[in-house]
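The following exercises are to be worked through with the sequence and the model at hand. Each task is followed by a solution that proceeds step by step.

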Amino acid sequence: MLHEPAAKTGKDLAMGYKTRIGVRMFLLYAIIYVGFVTLNLIRPVLMEKTVLIGLNLAAVYGFGLIVLALALALIYNHLCTAMEKKLNKTTSAGRKGGNR
Amino acid sequence: MNIMSVSLFVLFVGMVLVLSFYFARRTRSASGYFAAGGNIHWSVNGIAFAGDYLSAASFLGICGMIATVGYDGFLYSIGYLAGWIVALFVVAEPMKRLGKYTFTDALDSRFNSKGIQLAAAISTLIVSIFYLIPQMVGAGVLVTPLLGLPHAAGVLIVGVIVIIIVATAGMTSTTYVQFLKGALLVVFSTILTVIVCNRGMTTRPDQGGAVPFYDYAVIDAADRGGELMPSDPAWRVLGSVEHAGNVFVKLFRDDKIMWCRKESGKQPGSVVLREIQAVVSRTDGTVLINGLPASPDNQLRQVGNLDAIQGKTGPQADTGPVGPFKFLNILSDPKTVIRTWKSDKFEDGPDQVTVYYPTTTTGNRIMRPGMKFKVEGTPIQRLDFISLMLALFLGTSALPHILIRYYTVPSAACARKSTIVAIAAIGFFYILTMYMGFGAMVNSVVNPADNNMSAPLLAKSFGTFLFSMISAIAFATVLGTVSGLIVAASGAVAHDIMDRFARINMNEKQKVYAGKMAAFAVGIIAIILGIIFKGVNVSFLVGLAFAVAASANLPSIIMLLFWKKTTAKGIVASITTGIVLSVGIIALSPTMYDLYGLDPKTAPIPFSNPGIFSIPASFLALIIVSLMTSKPSATLREVPK
């Protein structure tokens, strides 16, 4: 006997789309994160350079990674919600799987 | 101990316990105990995520690390937050769809494999215990200044309260404790940041007038063929010790011993002896701090200050209130000079001596990586840095106590939304760590022997109320995270091992009882480990937990979702490889050798962060074993969509 999932949800027609954009956004963020780590290793002195509103590159890049994470998360949610509404509106899964 | 601290502490603990007993009456089923019935609203779950995740490592550890090594501590903030991207884009919704109570359920959803059930449960236990240690250490650290109790008492208090929280209502009470604590932590950290900026910076910080700035003595001396002669004849040199490139000199005057560090004077060839702090442990068990017997009134002085602010010294250097950008701009200025403290240990005859001595660094160096992580060091040191950043990025989405929170919401969309709330709250908090950490660094509030208390001590410099409040929240922080960890560990024992792996026939009531007993046992283990690991930076320890989670769990999760040829045996091989390699490398690393009391240079493995090797190896093990064991029957069914 297999262990059943906690939530009894129907088929999510938007799943494929969500996975695709999720992976793309993950790769985008990963590239920028790798850039941060690489810059710290290859040109650490560059991180001392003041680049924006009196902040050095280390602070701007660090804060930027945090702000970017939230921005991408909001965009991802917007796209997912729109696609869920579009594809799942006729299914019971669409009715039950939304906001609570 | 003061009445306000004790009152707020008792109030917090009381609230937590009332909440737990209130929800206990509603918790009758295994679903209620392990997953809060799957009925938590996504917004509450999002803040509870923050409460769960912003552990002692974040609040105490990161702030403490920034306070002593600057920007390198902030790298933990960046890595911890970046990990949520993996959780949101790759893991959140599939984990919700596949699992029931534990992350093992999700991994095993296609296979019904005893191997996966056991391996994933063991992995959950190991990661949870690695993560529990720093939380308990943090509890001990907090209780000493808050209640005037020893470290072990703090660990014991947290252990007992958490066992009560988890054993009464499981995930429901844990969720609301985490929600409460997450919200309070973000609010009061914001307040602390605002008042730190409002205080501004000075070269002679005096904690708002409460603790006068201490001027350390600097004694001119002459070096005559290796014999040091202080210019003031009242000082007598009793001896000196050369250690790790420093010369520490023991001086005597007026029945008091003072340790100094030999430094070059301003004139070429001249020598000065700079007063430092010292803890001397004698063979008769007595301890001297700065030459006098240790007592509540004679402790190490708090340290950390600016020697120059953008090239200015003295009263004209005072900045007055500064904005958040100006605050960081001043600190990163090459003409700003920051005084931080290092420590060293050596033997002086039969006595054990630990000295704490100041070093100065310019702002541009302290506001970029390199103080702790040797990004310009040897290839091994740079590899260690890459390894840490990799583990932080990939570890979050593999932490069992984070993953189980996806089962407390009703749908996959709610799992996604709650992750976004978590990213907002956690990201905002991590930006604040920069201000709290650097605020501690320049306000003479850092305990040189243990930087974990830097943020609460910074709050103390603004008055007892804020200190009591921040400390009580920090204590609640520990409670919230430890509760989550114990629920995860309890689920691994009672649900994964007893119910699923061993097939012990239990009704709902018995399953809840088994979960409570498991929580009790894990709680006891956590108490013992929290006492043993006293004094280690908590963020460093959590970094290791991330490495184990990223190595043991993440490859299986990713491959299960994206590679159809993944087999049950492949997953077991991946988890086993990840655990053995990551724990093995950590156990044989220089850091652990230091903890064992051995010379770190003799450690067989020259680095401390295993992720760069153990994560790829875990992926590789899964791929090779899956290809070797791939049969039509092994991939039983598609992941539900």
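**Exercise 1: a sheet and its edges**

In this predicted model, strand β10(B) is joined to strand β11 (residues 337–348) of chain B by three bridges, and the two strands run antiparallel. Determine which residue of β11(B) stands opposite Ala308(B), and establish which strands stand at the edges of the sheet.

*Solution.* Begin with the residue pair: Ala308(B) has Val337(B) of β11(B) standing opposite. Next, place the pair of strands in the wider arrangement, which is an open sheet of six strands in chain B, ordered β9-β8-β7-β12-β11-β10, with antiparallel pairing. β9 (292–293) and β10 (305–308) of chain B each have a single partner strand, so they stand at the edges, and one side of each is left without a neighbour in the sheet.

**Exercise 2: two domains of chain B**

Characterise the contact between domain 1 and domain 2 of chain B, giving the buried area, the counts of salt bridges and of residue pairs in polar contact, and the nature of the residues on the side of domain 1.

*Solution.* First fix the bounds: the domain assignment divides chain B into domain 1 (3–9 + 30–200 + 373–629) and domain 2 (213–303 + 333–363), and their C-alpha centres lie 39 Å apart. Then count the residues, for which the contact joins 11 residues of domain 1 of chain B with nine residues of domain 2 of chain B. The area buried between these domains is about 820 Å², and carbon and sulfur atoms give 64% of this area. On the side of domain 1, Met441(B), Ser444(B) and Pro448(B) supply 57% of the area that this domain buries against domain 2, which is more than any other three residues supply.

Turning to specific interactions, one finds zero salt bridges between the two domains, whereas two residue pairs are in polar contact, with both residues at pLDDT 80 or more. The elements of chain B that give two or more residues to the side of domain 1 touching domain 2 are α4 (56–69) and α13 (412–442). Finally, the residues of that side divide into eight nonpolar, three polar and no charged.

**Exercise 3: the interface of chain A and chain B**

Describe the interface of the two chains, and state which element of chain A gives the most residues to the side that touches chain B.

*Solution.* The contact takes 54 residues from chain A and 64 residues from chain B, and the area buried between the chains is about 5,200 Å², of which 67% comes from carbon and sulfur atoms. Across this interface there are three salt bridges and 12 residue pairs in polar contact, again with both residues at pLDDT 80 or more. At least two residues of the side of chain A that touches chain B are supplied by each of α1 (15–42), β2 (55–56) and α2 (57–88) of chain A; with 16 residues, α2(A) gives the most. By class, the residues of this side comprise 33 nonpolar, 14 polar and seven charged.

**Exercise 4: salt bridges**

Explain why the salt bridge between Arg500(B) and Asp108(B) ties together parts that are 392 residues apart in sequence.

*Solution.* Over all chains the count comes to 19 salt bridges. In the pair under study, the closest N and O atoms of Arg500(B) and Asp108(B) are 3.3 Å apart. Arg500(B) lies in helix α15 (residues 464–501) of chain B, while Asp108(B) lies in the loop between α6 (103–107) and α7 (114–147) of chain B, so the pair ties together parts that are 392 residues apart in sequence.

Technical notes: Residues are numbered from 1 along each chain as its sequence is written. Chains are lettered from A and ligands numbered from 1 in the order in which they are written. This is a predicted model: local features need pLDDT of at least 70, side-chain atom pairs count only at pLDDT 80 or more; totals for chains, interfaces and linings use all residues. Side-chain values use heavy atoms; hydrogens and water are left out. Contact means heavy atoms within 4.5 Å. Buried area is the accessible area (1.4 Å probe) that two parts lose on being put together, summed over both. A salt bridge is a side-chain nitrogen of Lys or Arg within 4 Å of a carboxyl oxygen of Asp or Glu. A polar contact is a pair of N or O atoms within 3.5 Å; within protein, one must be able to donate a hydrogen and the other to accept it, and residues adjacent in sequence count only if both atoms are side-chain atoms. Helices (H or I, at least four residues) and strands (E, at least two) are DSSP runs, numbered from the N terminus. Ala, Val, Leu, Ile, Met, Phe, Trp, Tyr, Cys and Pro count as nonpolar, Asp, Glu, Lys and Arg as charged, and the others, Gly among them, as polar. Two strands pair if DSSP finds at least two bridges between them. Domain bounds come from an automatic or database domain assignment.
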